[in-house]
Every structure is written in C-alpha cells, then in structure tokens.
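Trainee: Could we go through this model together? I would like to begin with the aromatic rings.

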Amino acid sequence: LLVGSLSDMLDGIVARQRNLCSDAGEFVDSVVDRYADFALFGGLCVYYAERPLALALMLFALLGSAMVSYTRAKAEALGIYDTPAGPMRRAERAVYLGFSIFLAPLASYFLEPGAARPLYPLVLFTAAVIALLANVHVVAMARYVNRTLRQKQPEAPCAAP
C-alpha cells in the first residue's frame, strides 16, 4: 500500500517534469486510484465482515473516499476548479491507512494481548478519522460548489421536455 501510494504520487511529478502530461494519463491515473481505494477498503470490509460496526465504519470510510474524488471531478466538469483542498485526498488517506495497517499488529500486541482474531483498534481509529473528515469535506465542498454555481447562474425555469 505504501509503496504503491508513493509511486502513484511520483508518477504525476515525473510526468510534469518530463512534460508528458495528458488528459488521457490523468484519466487513467484517476481510474486506477479508485480501483486501489476500493481494493483497500474492500479487503478491510472482508476482514471485518463478521463485526457489523467495524464493517459499517469501513463502508463509511469507503463512501467518503469515493465521494471526495467524485465531488472534485464533478465540480471541475462544471467549470469550478478552485474547490477547497480537504484533509483527506488520496495521498493522505493512503499514508494514514498504510501506516496504521503497518503498525496495527504491534499496537494490538499491547492492546489486545492473545486475541485470536484482533480487532486492530489502530486501523479502526484511522478509518473513523478518514470517514469523518472525508465526508465532512464532501459536504463542505458540495455547499461551496452549489453556492458558486448559484452565483454564476441563478435558477431559471426548466425547459419543457
């Protein structure tokens, strides 16, 4: 996860430095990022499948992760490029989750000694932070985009079909 996320962050930098940027490359990068997010949270959902609250938390974090990207992409499609940068973009989510997954067995050794199937509270805490901050950011971004669009173009009656 950490190596993949690091290479994901570097590929854009390398493309810009070599002047190899393209809409096609940006699109493919975005699609691969979404698959990586779903694979990561999907794996955590499988692990926590028998623990309904933990599973719900993972699904809420997955929802926030997907919606951060979707909301930004939709805003840009509508011509709004200055959306507020939030605290839970792909890189941040990957780093926080990557380190929490890496450190979880050590933390669980002390927090859940002898557990046959540890709950990994560090992973749950990180997922809760991601879920909360990502979804709050999505709501803030949606309000910003809505307000900006209303200022650019006031509501008008819909045309008949």
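**Aromatic rings and the core**

Trainee: Before that, are Y109 and F110 buried or exposed?

Mentor: Both Y109 and F110 are exposed, where exposed means over 50% relative accessible area, buried under 20% and partly exposed in between (1.4 Å probe, protein chains only). Please note that this is a predicted model, in which local features need pLDDT of at least 70, side-chain atom pairs count only at pLDDT 80 or more, and totals for chains, interfaces and linings use all residues. Residues are numbered from 1 along each chain as its sequence is written, and side-chain values use heavy atoms, leaving out hydrogens and water.

Trainee: How many aromatic pairs are there?

Mentor: There are three aromatic pairs. Rings of Phe, Tyr and Trp (its six-membered ring) pair if their centres lie within 6.5 Å; planes under 30 degrees apart count as stacked, over 60 as edge-to-face and the rest as tilted. Y47 and Y48 form an edge-to-face pair, 5.0 Å centre to centre with 90° between the planes.

Trainee: And how accessible is Y48?

Mentor: Y48 is buried, with a relative accessible area of 1%, while Y47 is partly exposed at 22%.

Trainee: Which residues do ring pairs link into a cluster?

Mentor: Y47, Y48 and Y120 are linked in that way.

Trainee: New topic: which residues have the most contacts inside the largest nonpolar core?

Mentor: They are F41, L44, Y48, M58, L97 and V123, in a core of 20 residues. Such a core is a set of buried Ala, Val, Leu, Ile, Met, Phe, Trp, Tyr and Cys residues joined through side-chain atoms within 4.5 Å.
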